[in-house]
Amino acid sequence: MSSCLEEKQSRIFVTGPIIVGAGPSGLSVAACLSNQGVPSVILERTDCLASLWQKRTYDRLKLHLPKHFCELPLMKFPKNFPRYPSKQQFISYVESYAARFNIKPIFNQTVEKAEFDVASGLWTVKTKDGVYSSTWLVVATGENAEPVIPDIFGLKKFTGPVVHTSAYKSGSEFANRKVLVVGCGNSGMEVCLDLCRYSALPHMVVRNSVHVLPRDFFGLSSFGIAMTLLKWFPLKLVDNLLLLLAYFSLGNTDRLGLRRPKTGPIELKNVGGKTPVLDVGAISLIQSGHIRVTQAVKEITRKGAKFVDGQEMEFDSIILATGYKSNVPYWLKDNSFFTKEGMPKTPFPNGWKGENGLYTVGFTRRGLLGTAFDAVKIAEDITDQWMKMKGPLGSCNVCNSHIIHFHFNKS
Ligand SMILES: Cc1cc2nc3c(=O)[nH]c(=O)nc-3n(C[C@H](O)[C@H](O)[C@H](O)COP(=O)(O)OP(=O)(O)OC[C@H]3O[C@@H](n4cnc5c(N)ncnc54)[C@H](O)[C@@H]3O)c2cc1C
Ligand SMILES: NC(=O)C1=CN([C@@H]2O[C@H](COP(=O)(O)OP(=O)(O)OC[C@H]3O[C@@H](n4cnc5c(N)ncnc54)[C@H](OP(=O)(O)O)[C@@H]3O)[C@@H](O)[C@H]2O)C=CC1
Ligand SMILES: O=C(O)C(=O)Cc1c[nH]c2ccccc12
């Protein structure tokens, strides 16, 4: 006989917005709302804040934009942090951020389904433990919610280990191993660099064109230089200046097998979302032959890979540095605001607001800078509605009466 508790399904009415995801984006919205006295509830699938950073990134990761471009709204990084904080420093910043704004997500709550109910005008959000309802739903599950595992012919036949970069911590297990790294974005490049530090032999697959820029140029960050120039000059000119700067710093990267796209680096990031590689040392290891660049893979074999140029090589392991995707289509039902890939259809800077109280934060393809932009807009918009609904007494700074539980027996 099942217990009384098991038969009960919890229905929870949230007077403020429901935010899905306790990464930097979800926390930023909650902080901006809290600052205006508006309560919110965050539902997070894992057991920690910023789970991408805590559980799915490698040990040597550092921010690759200077810290002031990665700040969340309302709180600066500590002064003693370096220009490029380490992953651990970023996590400690996020934890202090949540503590400062008294944000306490509900953990281990994967949102399985969310839909808008026209009759009640409410969003219903289902997790394994209950059904939450609210006037507002903020999607903050991120552009990097799930790893992309490509369907490469023969991959299942490979007898050695195959890992995605989201599960890679360090090269310590790969010493003297021949490793095929599929993908040449920032993850592919940095994993190859890390593998070299542990005396492994990385071969990096480059199937397409890629922009590589030096992270720094004469003590200034390339990204910072680009942002400053963009205040005065058109995008195409700034992109050309960046390419000139890359040529001075890294030489002709085409010769290394890294062909450049026809569109410039910032334009390509803005229109297609493809992030340029910000080099932190991989290029010099390619130049010295420590990292080998290969053509596209035709097929994976039991012991290695065949390439499109006809070469065949043996490998001990394969690392898939093939990127990430959104998971919104799996759980947000009947929604025309998102593409089938789970990205807002409306481009930046207007993709933060949908219909019927739907919001998205962190889907701008502009990193944490985009997150901060969205979060401020969303909080302003919801606060306006909150004030109108509640009147001048609506705001309460210490408000924990914003969740109303109902229990009913499953019929
Ligand atoms: C390796 C790496 C390095 C990066 N470095 C930088 C950088 O230096 N600078 C920069 O600006 N950007 C960087 N980025 C971009 C990155 O997207 C942001 O740093 C940031 O993590 C985005 O925050 P987010 O909250 O939007 O998404 P995430 O950090 O991915 O957080 C989303 C949260 O939602 C939760 N979630 C997902 N699905 C569900 C569900 N169904 N139910 C409940 N919870 C769910 C996840 O568990 C996660 O905690 C990097 C990305 C990667 C992968
Ligand atoms: N230090 C930092 O701050 C770091 C930041 N990041 C960020 O994290 C995000 C994700 O980066 P990343 O993980 O590198 O993902 P990306 O999406 O940037 O890159 C994925 C790479 O995998 C390649 N690829 C995908 N499928 C295949 C396939 N079937 N065969 C061969 N190649 C394939 C892509 O090639 P193609 O272009 O041809 O599709 C591309 O080179 C980015 O925004 C990045 O900037 C990542 C690491 C470090
Ligand atoms: O690291 C990332 O994923 C980012 O999205 C940060 C970022 C935002 N805009 C850029 C332009 C060039 C290089 C990195 C970024």
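Trainee: How many residue pairs are in polar contact across the interface of domain 1 and domain 2?

Mentor: This is a predicted model, where local features need pLDDT of at least 70, side-chain atom pairs count only at pLDDT 80 or more, and totals for chains, interfaces and linings use all residues. Residues are numbered from 1 along each chain as its sequence is written, chains are lettered from A and ligands numbered from 1 in written order, and side-chain values use heavy atoms, without hydrogens and water. A polar contact is a pair of N or O atoms within 3.5 Å; within protein, one must be able to donate a hydrogen and the other to accept it, and residues adjacent in sequence count only if both atoms are side-chain atoms. With both residues at pLDDT 80 or more, the rule finds nine pairs.

Trainee: How many salt bridges are there between domain 1 and domain 2?

Mentor: A salt bridge is a side-chain nitrogen of Lys or Arg within 4 Å of a carboxyl oxygen of Asp or Glu. Asp-216 forms one with Arg-83, their closest N and O atoms being 3.1 Å apart. Between the two domains the count is two.

Trainee: Which residue has a polar side-chain atom 3.0 Å from an oxygen atom of ligand 1?

Mentor: Pro-24 places a backbone N or O atom 3.2 Å from a ligand 1 oxygen. For His-64, a polar backbone atom is 3.1 Å from an oxygen atom of ligand 1. The side-chain atom at 3.0 Å belongs to Trp-53.
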